[in-house]
Amino acid sequence: MGFRKGTAVWVEDKSNVWVEAEVIQSTDKSVSVLTKYGKKITTTNEKLMPRDADGDHGGVDDMTKLIYLNEPGVLFNLAQRYSLNEIYTYTGSILIALNPFTNLPHLYNTHMMEQYKGMQLGELSPHVFAIAEASYRAMMHDRRSQSVLVSGESGAGKTETTKLLMQYLTFVGGRVAGDFRSVEQQVLESNPLLEAFGNARTVRNDNSSRFGKFVEIQFDRTGRISGAAIRTYLLERSRVVQIVDPERNYHCFYQLCASGKDAEKYKLDNPRNFHYLNQSKTYEIQGISSSESYLKTRRAMDIVGITLTDQEAIFRTLAAILHLGNIEFSPGKEHDSSIIKDEKANFHLQMAADLFMVDVNVLFTTLTSRTIQTPEGSIMLALDCLAAVAGRDALAKTVYARLFDWLVENINKSIGQDPDCRFQIGVLDIYGFECFKNNRYLHYNFASYLSYTSTNRDMLDIRI
Ligand SMILES: Nc1ncnc2c1ncn2[C@@H]1O[C@H](COP(=O)(O)OP(=O)(O)OP(=O)(O)O)[C@@H](O)[C@H]1O
Ligand SMILES: [Mg+2]
């Protein structure tokens, strides 16, 4: 279809992506338009999109109401609403959320949750609570489990949105308000706990989730929360041993280093002294105190129900990983063998062994040699320094990944799953991806997600 003279259009633009324009001349082969900045552009029909010149300046709260549901129309509508502090917009039953990058407490208080309770989707302004309410209502009405999928690029606000969904669901399905160890409190406190061990500062997000999370909140026949299960997958293991400026390792390491007495107990001090932390010169996150975060993590552990003995074991293991990273090697007398580099490295070897509760000689042999099986029996081969470092890092990564899985398992045990649960609402906070032409990771994630969600489940969607 050709554009006639006088038609309002969008034209592609290098700096603004799309710019408003009007057709001033049109032939079979080309179209000339005048942009709102007074620039004349001659292009082809395919490079133009129709524009609604009479659109409301405040934008529309549901994009299905747009006369032209095309890319520039959608982007312009979202931008208009964002400039009026309206961060939520529907496209039918999908909620689009834009990151406000500022605290909006008035949007998420109890009063707001009460407003959305019992409301149909679309009755009030678009809101993440409306999506949570819709899933809860659909579950109660249709007696079917529901899923909410939260997707978007890194830093878009998926994890914050997931927490708000959980906040609302624990509000409508909660039992006793303010109960310190209620299931809903435990479910909510599992968030800061998992974030301490699975989130890190990246270039794109100070609190980037480096794992995927699927939370199932279970309900009894009356709609009260009766249990929960958290599944995590694909933790980024390499971050434990390798980071680049200005990124950081997992938050928990910095928290432990800033924990005062506990840090002293494990002979930890400034993060600058540990190889796994000092490969990047970023140690702090603006506006966040590591020592206060440590106390929050401990409190979350208390609420979730991790025993003091287990808490102790968790931090001891973290400390052991940091000491492990400081074990340096130098070439041994024999060809391709290695020994501990110096007194300092020896101290860290001893500390790591003590904290892992293993014999120091066993740890040394494990790090500096490898056993291979032959038909004649097993043979021990010495490792050169590079191989010893690789083995050391592999051990650190594996221990950390196991610790993370163990933590999730413990959280699940402690919160408890309801064997008689009637139905559940699953919320998926899918890992932040970068935009690549081919993203195998994305496919993998969706495959994992689909295998988690049963077919007997309706789905709501949030795009950020
Ligand atoms: N609704 C919101 N209100 C206020 N701030 C928000 C909101 N959503 C996101 N933010 C801000 O944006 C930051 C990044 O959001 P979030 O961690 O949820 O991103 P993400 O999509 O989970 O990213 P990643 O994929 O890296 O984990 C938050 O730490 C917070 O500062
Ligand atoms: Mg996240």
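This is a short tour of a predicted model, with a few selections to make in your viewer.

**Stop one: a strand pair and a third strand**

Start by selecting residues 8–13, which form strand β1, together with residues 17–26, which form strand β2. These two strands run antiparallel to each other and are paired over six bridges. Three residues lie between them, and the result is a hairpin. To see how the strands line up, show Val 11 and look across to β2, where Val 19 stands opposite.

Now add residues 48–50, strand β5. This strand also pairs with β1 in the antiparallel sense, here over three bridges. Pick Val 9 and you will find its bridge partner in β5, Pro 50.

**Stop two: two helices in contact**

Next, select helix α11 (residues 343–356) and helix α12 (residues 360–368). They pack with their axes 9 Å apart, at an angle of about 110°. Angles from 65 to 115 degrees count as roughly perpendicular, so α11 is roughly perpendicular to α12. The crossing of α11 past α12 is right-handed. Turn on side chains for the contact: α11 brings Leu 349, Gln 350, Ala 352 and Ala 353, while α12 brings Val 360, Leu 363, Phe 364 and Leu 367. Of these contact residues, seven are nonpolar, one is polar and none is charged.

**Stop three: a helix to check with a ruler**

Finally, select helix α13, residues 385–415. Its 31 residues, at 1.5 Å a residue, should span 45 Å, and the end C-alpha atoms are 45 Å apart, so the two agree. Step on to the residue that follows α13, Gly 416, and check its phi: the angle is positive, near 85°.

Terms used
Residues are numbered from 1 along each chain as its sequence is written. Chains are lettered from A and ligands numbered from 1 in the order in which they are written. This is a predicted model: local features need pLDDT of at least 70, side-chain atom pairs count only at pLDDT 80 or more; totals for chains, interfaces and linings use all residues. Side-chain values use heavy atoms; hydrogens and water are left out. Helices (H or I, at least four residues) and strands (E, at least two) are DSSP runs, numbered from the N terminus. The expected span of a helix is 1.5 Å times one less than its number of residues. Two strands pair if DSSP finds at least two bridges between them. Axes are lines fitted to C-alpha atoms, for helices over the stretch in contact, and angles run from 0 to 180 degrees between N-to-C directions. Angles under 35 degrees count as roughly parallel, over 145 as roughly antiparallel, 65 to 115 as roughly perpendicular and the rest as oblique. A crossing is left-handed if the near helix is turned anticlockwise from the far one by less than a right angle, and right-handed if clockwise. Contact means heavy atoms within 4.5 Å. Ala, Val, Leu, Ile, Met, Phe, Trp, Tyr, Cys and Pro count as nonpolar, Asp, Glu, Lys and Arg as charged, and the others, Gly among them, as polar.
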